[in-house]
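Colleague: Could you walk me through one chain of this model in some detail, going piece by piece? I'd like to hear how its parts are packed together, and I'm happy to take the cut-offs as you go.

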Amino acid sequence: MPKLIKGVGCPYCGSSCDDIEVLVSDDETKILEVHNACIIGTNLFHHANDPTRPKLPRMRQPDGSMKEVTYPEAIDWMAKTMLKAKKPLIYGFGSTNCEGMSAVARIAEKAGAVLDNCATICHGPSFLAIFDNGYPSCTLGEAKNRADVVVFWGCNPMHAHPRHTSRYSIFPRGYFTQKGQMQRTVLCIDPRETDTAKLADHHLMIDQGHDYELFDAFRTVLRGFDIPETVAGIPREKIKEAAEIMKKAKFCMIFFGMGCTHTDGRNHNIDAAISLTRDLNEHTKCSIMAMRGHYNIAGPGQVWSWQFGFPYCIDLTKGSHAHMNPGETSSVDLAMRDEVDCFVNVGTDAGAHFPIQAVQHLKKHPFIAIDPNFCMASEIADLHIPVRIAGVDEPGVVYRMDNVPIQFRAVIKGLPGVPSDEELFDMVYERMCELTNTQPVWLAAKADRKYPESPAVI
Amino acid sequence: MPKIELNMITQRSIEEGAAMEKGKTNPDYFDACSICEMHPEDMKRAGIWKNTNVRVTSECGTVIVKAIMPTQYVPPGLAHIRQGVWANQVVPPRTQSTGTPQYSGFPVTIEPAPAERLKTALELVQGAVGLWKGGQ
C-alpha cells in the first residue's frame with residue numbers, strides 16, 4: 001500500500017513550505033506523487049527517483065575520465081587534500097541541513113580553511129547592511145496575519161518563490177487580514193514587468209540599477225521634502241502616491257531580493273531599504289525581510305554565527321581566531337585573486353552559478369564536489385562524493401527565510417551505502433585527526449561518535 | 001553587421017528552477033536558460049530576428065544564446081538572460097568588495113549570429129576548464 005506522508009517540508013526555495021504531502025511506495029524507496037508543492041518542488045522530489053543517481057564517489061583519472069572509488073578511498077583523499085592545502089575554500093550549503101553545516105565546521109577548523117556559503121553571491125550585501133543598520137524584521141506569520149501593504153522590491157516571488165504569495169504575502173487570509181488579497185495593497189518595484197509586477201496594484205518600473213535613488217526619494221518624501229520631477233525613471237507623483245500608501249498602511253511589509261543585492265550599490269541599497277523601514281515606523285508599523293533563495297540558506301548564517309561569530313566569509317586560516325572581511329575572504333574574490341589552493345563545493349553548484357572566470361581559477365587546484373546528483377561542479381571536479389538529499393531521504397533542521405527553524409523529515413529511505421552530509425563530514429574529520437595524530441573534539445550531541453562502542457551514551 | 005549596446009540583468013525564472021531540479025544536463029534546462037530576452041525595438045535596431053542566435057559579449061566573456069521575445073516585459077535598453085550556465089559566461093566577477101559578482105546591470109554588446117551553434121551547459125563549463133571531450 002502506498003503511504004501518504006503529510007507535513008513534509010520542501011527543500012527548494014526560502015519559503016520552506018511545510019505543508020507538502022508525498023505519496024511513497026510501500027517499501028519507502030520511490031516517490032509516487034507530490035501534493036501541494038509548486039512545479040519546482042514537485043520536480044525536486046521526483047528527481048530523487050532518478051535511477052542514475054550516483055551511489056559511489058567518482059575520482060578523476062589522468063585521462064580526464066571519472067572512475068568509481070569506494071567511500072573510504074574518497075574520504076582518505078579528501079582528508080589528505082584538505083590537510084595538504086594551505087588555504088582550502090569550503091563553499092556552498094544552500095541545500096543541506098544544519099547538522100551538515102555544523103559538522104563541516106570541524107573540518108574547516110582542522111584544515112585552516114575559509115568557510116563560505118551561497119549568501120556570498122546572493123544576500124551577502126544584505127548581511128553587510130544588517131551589520132551596519134540593524135534588521136527590523138518579523139516572521140512570515142506576522143506578514144500573513146498583519147500586513148495590509150506588501151512591497152516587493154527587486155524580487156520576483158512568482159518565479160523564485162512560487163508559493164510565497166499564496167502562503168505568506170498576497171493571498172492568504174490571516175488574523176487581521178481576513179479578506180486576503182482584497183485587503184492587501186501590493187507594490188512592486190522592478191525594472192521589468194515581471195509576473196509579480198502583474199499581480200501588484202502599483203508597479204513602479206524603476207530604471208535598472210537606480211534603487212538607491214528611489215529609496216532615498218521615498219525617505220525624502222516621507223520627511224516632507226520635495227523631490228525632482230522624476231527619480232530613477234519614476235514620476236514624482238507616482239513616488240508620492242506610493243509613499244502615501246506605505247504611510248497609511250496598518251502594517252507595511254517590504255520584501256527585497258536580488259534586484260537590490262546583485263546590482264550597483266549592493267549593501268548600500270539594502271542600507272537605504274532598512275532606513276526607509278525605520279522612517280516608516282515613525283508613521284505606522286513597518287517591517288522588512290530578505291527573500292532568501294534556498295530553503296536553508298538562512299541556516300549557515302545561524303549555525304556559523306553561533307560557532308564562529310560570523311555568518312559567512314569566515315577565514316579560519318589563522319588557526320587562532322575567525323576573521324571575516326567580505327571582498328577579502330569572500331569566495332569569488334578569493335578565487336579571482338588565486339588565493340585558495342583547494343575548493344570544496346557542498347550542496348550547491350559553483351560550476352553553474354559562479355562567473356565562469358572564477359570557476360577557471362578554482363579549477364587550477366584540487367576541486368571536490370559533494371552533491372547527491374550530477375551537476376556542473378561534479379562534472380569538472382577531481383572528486384565527486386554523492387550524499388543523501390536533505391529533506392528527501394535525510395531529515396534535519398532548516399531555517400526558513402525569516403530565520404524560523406523547521407524540522408524537515410525524510411520521506412524515503414536513502415540509497416544503501418550513501419551517507420548524509422553530516423556523516424560524511426564526521427568521517428572526513430575523523431580521518432584528518434587520524435592523519436595528524438590528534439584527538440577529535442566532539443560536542444555533547446556527538447557522544448555516539450566519541451564513544452562508538454556504546455552508541456546509546458548521550 | 002549591426003550591433004547593439006544593452007544593459008544586462010541575469011535573474012531567476014520558474015522555468016529555469018523547474019528544469020534545474022530535473023538536472024542541469026536535462027534538455028529542459030538547455031531550453032530554459034540558453035536564451036536572451038530583449039525588447040522587440042532593440043531586436044529591430046540590431047537586425048535580430050526573434051528565435052535566432054545572437055552573440056552576447058561583455059567585458060569578460062562572450063556566449064551564444066537565442067534571442068526571444070520577452071516572456072516578462074523588458075523595457076528598451078535592457079536585456080535579460082536567465083540565471084544559469086549561459087548567463088555566467090558573461091557575468092563580470094567584480095564584486096565592489098562585497099563578495100557578490102555583478103550579476104545585474106553590466107553593459108553588453110549583442111549582435112546577430114544566426115549561423116553560430118548554441119553550446120550545451122556541459123560543453124561550456126567543461127570547455128572553460130579544458131575537460132570537454134565530446135562534440136565540436
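Modeller: The domain assignment (bounds from an automatic or database source) splits chain A into domain 1 (3-47), domain 2 (58-120 + 296-450) and domain 3 (124-290). Bear in mind that this is a predicted model: local features need pLDDT of at least 70, side-chain atom pairs count only at pLDDT 80 or more, and totals for chains, interfaces and linings use all residues. Residue numbers start from 1 along each chain as its sequence is written, while chains are lettered from A and ligands numbered from 1 in the order in which they are written.

Let's start with domain 1 of chain A and domain 3 of chain A, whose centres, taken over C-alpha atoms, are 31 Å apart. Six residues on each side are in contact, contact being C-beta atoms, placed from the backbone, within 7 Å. On the domain 1 side of chain A, the tally is four nonpolar, two polar and no charged residues (nonpolar is Ala, Val, Leu, Ile, Met, Phe, Trp, Tyr, Cys and Pro; charged is Asp, Glu, Lys and Arg; the others, Gly among them, are polar).

Next, helix α1 of chain A, residues 39-47. Helices (H or I, at least four residues) and strands (E, at least two) are DSSP runs, numbered from the N terminus. A:I40, A:G41, A:T42, A:N43, A:L44 and A:F45 are buried there, where buried is 20 or more other C-beta atoms within 10 Å, exposed is 12 or fewer, and partly exposed is in between, with C-beta atoms placed from the backbone. Their cover includes β2 (20-24) and β3 (31-35) of chain A, plus α1 of chain B. The loop between β2 and β3 of chain A holds A:E28, a residue other than glycine with a positive phi near 55 degrees. A:E28 counts as partly exposed because it has 15 C-beta neighbours inside 10 Å.

Since chain B has come up, here is its contact with chain A: 46 residues from chain B and 56 residues from chain A take part. On the chain B side, β1 (4-11), α1 (14-20), β5 (78-82), β6 (104-112) and α4 (121-128) each give two or more residues, and α4(B) gives the most, with five. That side of chain B comes out at 20 nonpolar, 21 polar and five charged residues.

Now for helix α4 of chain A (124-133), where seven of the 10 residues are buried. Those are A:G124, A:P125, A:S126, A:F127, A:L128, A:A129 and A:I130, and they pack against α11 (258-261), α12 (267-280) and β14 (285-290) of chain A. Just past α4(A), A:G134 has a positive phi of about 85 degrees.

α12(A) also packs with α9(A) (211-222), at about 20 degrees with the axes 9 Å apart; axes are lines fitted to C-alpha atoms, for helices over the stretch in contact, and angles run from 0 to 180 degrees between N-to-C directions. The pair is therefore roughly parallel (under 35 degrees; over 145 is roughly antiparallel, 65 to 115 roughly perpendicular, the rest oblique). Their crossing is left-handed, meaning the near helix is turned anticlockwise from the far one by less than a right angle, with clockwise being right-handed. Among the residues that meet are A:F215, A:F218 and A:L222 from α9(A) and A:A272, A:L276 and A:L280 from α12(A). By class, that contact has eight nonpolar, three polar and four charged residues.

Finally, α2(A) (71-84) and α18(A) (421-435): the axes come within 9 Å and cross at roughly 60 degrees, which makes α2(A) oblique to α18(A). This crossing is right-handed. A:I75, A:D76, A:M78, A:A79, A:K80, A:M82 and A:L83 meet A:M427, A:V428, A:R431, A:M432 and A:L435, giving nine nonpolar, no polar and three charged residues.

One residue of α18(A) is A:E422, which counts as buried because it has 23 C-beta neighbours inside 10 Å. Leaving aside neighbours within four places in sequence, A:E422 is in contact with A:E99, A:G100 and A:A103. A:V104, 318 residues away in sequence, is 7.5 Å from A:E422, C-alpha to C-alpha. In the loop between α18 and α19 (447-450) of chain A sits A:N437, not a glycine but with a positive phi of about 55 degrees. A:N437 counts as exposed, because it has 6 C-beta neighbours inside 10 Å.

Key:
Contact = placed C-beta atoms within 7 Å.
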